[in-house]
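The exercises below ask you to read a fold step by step, with the structure open beside you. Try each task before you turn to its solution.

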Amino acid sequence: MTEQTNLSKVLAIHEFLLLSNPYCYFELAYTRTTEWMVWICTKPHEVDLNRKVLLRGQGSTPEEACENALNKYDQEQTP
């Protein structure tokens with residue numbers, strides 16, 4: 001059995017959130033300024049300027065960005 005990647009974990013969270021919010025938005029992007037970024041939001045910004053960011057992270061690779069996002073997400077979920 002192979003270990004689940006951080007990207008797979010983020011996608012699993014998105015899949016779960018889609019069950020209760022079919023408009024839930026996922027983005028993985030690269031820019032020269034910030035390198036890799038991953039987001040999960042309630043809706044795309046173009047559709048809802050008041051959207052809520054549910055998960056976010058940044059890193060040098062997609063895996064690193066997802067790891068950063070998962071660490072922040074876990075901290076925000078812990079009371």
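**Exercise 1.** Find which polar atom the side chain of N21 approaches, and decide whether N21 is buried or exposed.

*Solution.* Begin with the distance: a polar atom of the N21 side chain lies 3.0 Å from the backbone nitrogen of Y23. A polar contact is a pair of N or O atoms within 3.5 Å, where, within protein, one must be able to donate a hydrogen and the other to accept it, and residues adjacent in sequence count only if both atoms are side-chain atoms. Next, place the residue: N21 is found in the loop between α1 and β1. Finally, N21 counts as buried because its relative accessibility is 19%, where buried means under 20% relative accessible area, exposed over 50%, and partly exposed in between (1.4 Å probe, protein chains only).

Before going on, note that this is a predicted model, in which local features need pLDDT of at least 70 and side-chain atom pairs count only at pLDDT 80 or more, while totals for chains, interfaces and linings use all residues. Residues are numbered from 1 along each chain as its sequence is written, and side-chain values use heavy atoms, with hydrogens and water left out.

**Exercise 2.** Work out the order of the strands in the sheet, and which strands stand at its edges.

*Solution.* Helices (H or I, at least four residues) and strands (E, at least two) are DSSP runs, numbered from the N terminus, and two strands pair if DSSP finds at least two bridges between them. First, strand β1 (residues 25-31) runs antiparallel to strand β2 (residues 35-41), and seven bridges join them; among the partners, Y25 is matched with C41 and Y30 with W36. With three residues between them, β1 and β2 form a hairpin. Second, six bridges join β2 to the antiparallel strand β3 (residues 53-59), where I40 stands opposite L55. The result is an open sheet of three strands in the order β1-β2-β3. β1 and β3 stand at the edges, each with a single partner strand, so one side of each is left without a neighbour in the sheet.

**Exercise 3.** Describe how helix α1 lies relative to the strands.

*Solution.* Helix α1 (residues 6-20) lies across β1, β2 and β3, and runs at about 150° to β1. Here axes are lines fitted to C-alpha atoms, for helices over the stretch in contact (heavy atoms within 4.5 Å), and angles run from 0 to 180 degrees between N-to-C directions.
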